[in-house]
Each structure stands twice: as structure tokens, then as C-alpha cells.
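Me: I am new to this structure and would like a close look at a single part of it, the sheet, together with what lies around it. Please take me through it slowly.

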Amino acid sequence: YFRLSQAYTAGRDAAQGCGNFGATVALLGAGEIGSALIERLRPFALRLLVFDPFLSLSRARELGVEKVSMEEAFALGDVVSNHLADLPATKGMLQGRHFVTMKKNATFINTGRGATVAEDQMVEALLARPDLTALLDVTMTEPLPSASPLRRMPNVHLSPHIAGSIGAERERLAEWMIGEYDSWQKGGAVRGRVSTELLERMA
């Protein structure tokens, strides 16, 4: 959408979009958000790939996805969407060598955590590959410094973590937490329970 919109606005031929029928979407991370996204993508005729060290093959079959390596996710995805948690083991995990292998006209979406990307290496790769599009809802430093090259690159689109909760949506978070507390106080179920084990691999 973003690449074709720019071409159309500039008066260039924008009739050669690939569409999404039969496209390959590669998800990095199949936790709460990744799994929810899989469900939302299910009605479409897409090939879904997932890189997640914690995803078992049986769970992948249950979700109806293919478990792949990080390298395969970047090389095969028409869209690569990052949902990896910000953990010591994931810092800078997405490197320039991954971005340069992406398919022609592919899109990278980061709504997860900026620290998982080796940002300088990503910038180099995106400069070398102007056919790629990056939709960055999060960055390493937030807010992004005014001198950052990401602010001036035509194939990069920045947003202020709109995939999180902003504005009035924060009231919904508060209402949800109050509801959880009330349920816990009355001995009821807690939907968002987080165990120590789960906390070790959550964002």
C-alpha cells in the first residue's frame, strides 16, 4: 500500500501491485500477539510462516502455520512482521544480513520492540534496497532522534506505537485491570495471569 501510494501520488506507474492472494506472511514470535494475529489472518488465502524458538511443532500444526528459521522467515516472506519479546537474548537479533535477503518489494513491520533490531544495520540494508518498505511502529530509541536517517528515508514509515494503547484506549486497559482485580477479589478466574515461567519470555 505505502509503496504504491507513493508511486501513484508521484505520477508513476502503480498498476503492478502484487495483491495479497497467496502471499507469504512470516511472523517473528507466536506469543499472545502473534497467535492472535494468526487467527485474524486465517480467513485469507495466505501462507503463514513462524519463527519462534518456543513454538513446538505440534503447536505449529495446531495453529496451521509452518515453523521456520529466522533466515527462512526473511527470505520467504512477502511481509515479515516482528512480535519478538525484548529479552537479553533477542537484543539486536534482527540484523542487516536478514534484511538484504528479503524478497523484492517485501515489507517489514515492527510493532513489537525496537531493541530486537540492529537498527544501524537495518538502515544500511534499507538504503541498499529501496524496493523494500519498513513500517516501524517502534524504534530502538523512543522518541526517535531528529537526526535519525530513518526520518528521511522514503521507504520507511514511522508511527508512535499505535499498535499499543494510546489516548482513550488506555481507559480500556484500566477498566480491564479493575475487572481482573474484582474477579480475583471474589475468587473468580483471572484471564491475564502471568506465571514466572511465562514472564521470562514475554515482552
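Reply: What follows is a walk through the sheet, strand by strand, and then through some of its surroundings.

The model is a predicted one, and it contains an open sheet of seven strands whose order is β3-β2-β1-β4-β5-β6-β7, with parallel pairing. At the edges of this sheet stand β3, which covers residues 66-67, and β7, which covers residues 156-158; each has a single partner strand, so one side of each is left without a neighbour in the sheet. As general background, the strands of a sheet pair through backbone hydrogen bonds, and they may do so either parallel or antiparallel.

A good place to begin is strand β1, residues 24-28, which pairs in the parallel sense with strand β2, residues 47-51, over five bridges. Within this pairing, V25 has L48 of β2 standing opposite. Helix α2, formed by residues 32-41, lies across β1, β2 and β4, the last of these being residues 79-82, and the helix runs at about 165° to β1.

Moving along the order of the sheet, β4 pairs with strand β5, residues 107-110, again in the parallel sense and over four bridges. Here N82 has N110 in β5 as its bridge partner. Strand β5 is in turn joined by four bridges to strand β6, residues 133-136, and these two strands run parallel; T107 is the residue that stands opposite T133 in β6.

The residue N110 leads from the sheet to a cavity, since a search of the whole structure finds one cavity of 30 Å³ or more, and N110 is part of the lining of the largest cavity, along with G114, V117, E119, M122, L136, V138 and T139. The volume of the largest cavity is about 40 Å³, and its lining is made up of four nonpolar, three polar and one charged residues.

Finally, turning to the aromatic side chains, a search of the whole structure finds five aromatic pairs. One of them is formed by F74 and F99, an edge-to-face pair with 5.2 Å from centre to centre and 70° between the planes. This pair links distant parts of the chain, with F74 in helix α4 (residues 70-76) and F99 in helix α5 (residues 96-99), 25 residues apart.

Definitions and conventions. Residues numbered from 1 in each chain as written. Predicted model: local features only at pLDDT ≥ 70, side-chain atom pairs only at ≥ 80, totals over all residues. Heavy atoms only, no water. Pairing = 2+ DSSP bridges. Contact = heavy atoms within 4.5 Å. Axes fitted to C-alpha atoms, helices over the stretch in contact; angles between N-to-C directions. 1 Å grid on protein atoms, 1.4 Å probe; cavity = no way out; pocket = protein on both sides within 12 Å on 5 of 7 lines; lining within 4 Å. Points joined across faces, edges and corners; volume = space filled by probe spheres on them. Nonpolar A, V, L, I, M, F, W, Y, C, P; charged D, E, K, R; others polar. Phe/Tyr/Trp six-rings, centres within 6.5 Å; stacked < 30°, edge-to-face > 60°.
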